[in-house]
Amino acid sequence: MHFSQLERTILKSRSFRPIYYLGCKTAFTMDIQQAIIDVDRSGGWILDLFAGTEVVASALAAERNVVTVDIQEYSRVLCSALLKAVELPSALIERSRQAITELKAPLAWCFEPLMEFEAISIDQALRGETSALIDLLESPPLITYLEDGLKVPDSYLGKAIEQTIARLISSGLERSENTVVSRNFGGVYFSYTQSIVLDGCLSAANRENNQLQDTLKAAALSTASAIVNTVGKQFAQPIQPRNKSGAIKSGLIKTVHKDRSVDALKTYLEWLLRYTNLPLIPDQENYMVRSDYLEGLRQHGPKCSVVYADPPYTRDHYSRFYHVLETMCLRDNPARSKVTKNGMSVSSRGVYREDRHQSPFCIRSTAPSAFEALFHQTSLMNLPLVLSYSPHEAGD
């Protein structure tokens, strides 16, 4: 069977999903492409608003130049890695592996007490003694003890926390970008061993030039999505070890052991090979923008001949499902959403960014005006608009 370049690229994009993502349009890319052709046959630039993980953009880029726009930095990174694919020779992959091994060494020393506690607690749980593992799974993130003043519990876990904090402070790593994953998400979404590898991956990526840096970061995001220890491989909520009656959930120990035993470095190197095998798109000038949809439309619409928009259509804000990936890309120390515990205001266990984006399309009262603004701006610019939106009311 003969496939056109467009069809080959679409088939490739269907087999390559960089992260587990809500609302992925892999099944509709051909229909979307045809709708765009129906309203604009000029072959001009396409402005892809709400780009997400670029599944649609990669199909569109087979025949046209594309500008992707999304408010999230992780989306810009993923779109950059896939639409501006670069070759990753084996020597570069080996260099990355060596850099990660080198960069995670000081982190391994800092987090050794918690890594050992976690390994022992999982081993005990497999043999029927679950108390230590439950303590770990119900413990707040390390950042809560470091920055919120939460009292460390008087327990074996508490001693491991105290020792880890002391080592981080003595190493000057208690607020370093090199420990963003480990401090915020270790023990919560990933094992501590996995989290220091992810930190090492991001630090190693930061040593490279911009385009290569995006590809290496994207591989780290893909790794995080693949190994995260949650239901559905999302980051909306850490795993809850007990049911409503307080009993330990069925299958919990097996799931925790399976997810937290995954070799993060091996997984990362496997993802690098997958990114290496992406089809290169020659003679294209695609570029990616982190921006609000209206600002992106105003700034980049004049260059384009058609707009494709895929806004969210449920009450679920996507930023809640991918906030970990956003922090991994920004490598900052954001203010975190708070909860009250024992009379104190402390970080939520999910470690959600206080500034995480709240889309007007996810709020019943603001969605109509958001659509009006989108339609008004495209009309002002005389740009045809192709919109994908769910016809169902479920979740509204």
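## A tour of the helices and the sheet

Start with helix α10, where Gln-194, Leu-198, Cys-201, Leu-202 and Ala-205 meet Gln-213, Leu-216, Lys-217, Ala-220, Thr-223, Ala-224 and Ile-227 in helix α11 (contact means heavy atoms within 4.5 Å). The model is predicted: local features need pLDDT of at least 70, side-chain atom pairs count only at pLDDT 80 or more, and totals for chains, interfaces and linings use all residues. Residues are numbered from 1 along each chain as its sequence is written, and side-chain values use heavy atoms, with hydrogens and water left out. Helices (H or I, at least four residues) and strands (E, at least two) are DSSP runs, numbered from the N terminus.

Now select residues 192-205 for α10 and 210-227 for α11: the two pack at an angle of about 165 degrees, with axes 8 Å apart. That makes α10 roughly antiparallel to α11 (under 35 degrees counts as roughly parallel, over 145 as roughly antiparallel, 65 to 115 as roughly perpendicular, the rest as oblique). Axes are lines fitted to C-alpha atoms, for helices over the stretch in contact, and angles run from 0 to 180 degrees between N-to-C directions. α10 passes α11 in a left-handed crossing (the near helix is turned anticlockwise from the far one by less than a right angle; clockwise is right-handed).

**The bent helix**

Select residues 90-126, helix α5. Its end C-alpha atoms are only 39 Å apart, whereas a straight helix of 37 residues would span 54 Å at 1.5 Å a residue (the expected span is 1.5 Å times one less than the number of residues). Where is the kink in α5? Go to Phe-111, shortly before the proline Pro-113, where α5 has a kink of about 65 degrees (the angle between axes fitted to the seven residues ending there and the seven starting there). Just after α5, Gly-128 has a positive phi of about 105 degrees.

**The sheet**

Next, show the open sheet of five strands, whose order is β3-β2-β1-β4-β7 with parallel pairing (strands pair if DSSP finds at least two bridges between them). Its edge strands, β3 (287-290) and β7 (385-387), each pair on one side only. On average, neighbouring strands of this sheet are turned by 20 degrees against each other, direction ignored. For one pair, select residues 45-49 (β1) and 304-309 (β4), which pair in the parallel sense over five bridges. Here Ile-46 stands opposite Val-306 in β4.

Add helix α4 (residues 73-83), which packs on the sheet, touches β2 (66-70) and β3, and makes about 175 degrees with the direction of β3. Then add helix α14 (residues 293-300), which also packs on the sheet: α14 touches β1, β2, β3 and β4, and its direction makes about 165 degrees with that of β1.

**From α14 to α16**

Keep α14 and select α16 (residues 367-380); they pack at about 0 degrees with axes 10 Å apart. α14 and α16 are therefore roughly parallel. Tyr-293, Leu-294, Leu-297 and Arg-298 in α14 meet Ala-370, Ala-373, Leu-374, Gln-377 and Thr-378 in α16.

**Last stops**

Select α6 (residues 131-138) and α12 (residues 252-260), whose axes come within 12 Å and cross at roughly 65 degrees. These two helices, α6 and α12, are therefore roughly perpendicular, and their crossing is left-handed. Contact is made by Leu-133, Ile-134, Leu-136 and Leu-137 of α6 and Leu-252, Ile-253, Val-256 and Arg-260 of α12.

Finish at β5 (residues 338-341) and β6 (residues 344-347), paired in the antiparallel sense over four bridges. They form a hairpin with two residues between them, and Asn-342 in the turn has a positive phi of about 50 degrees.
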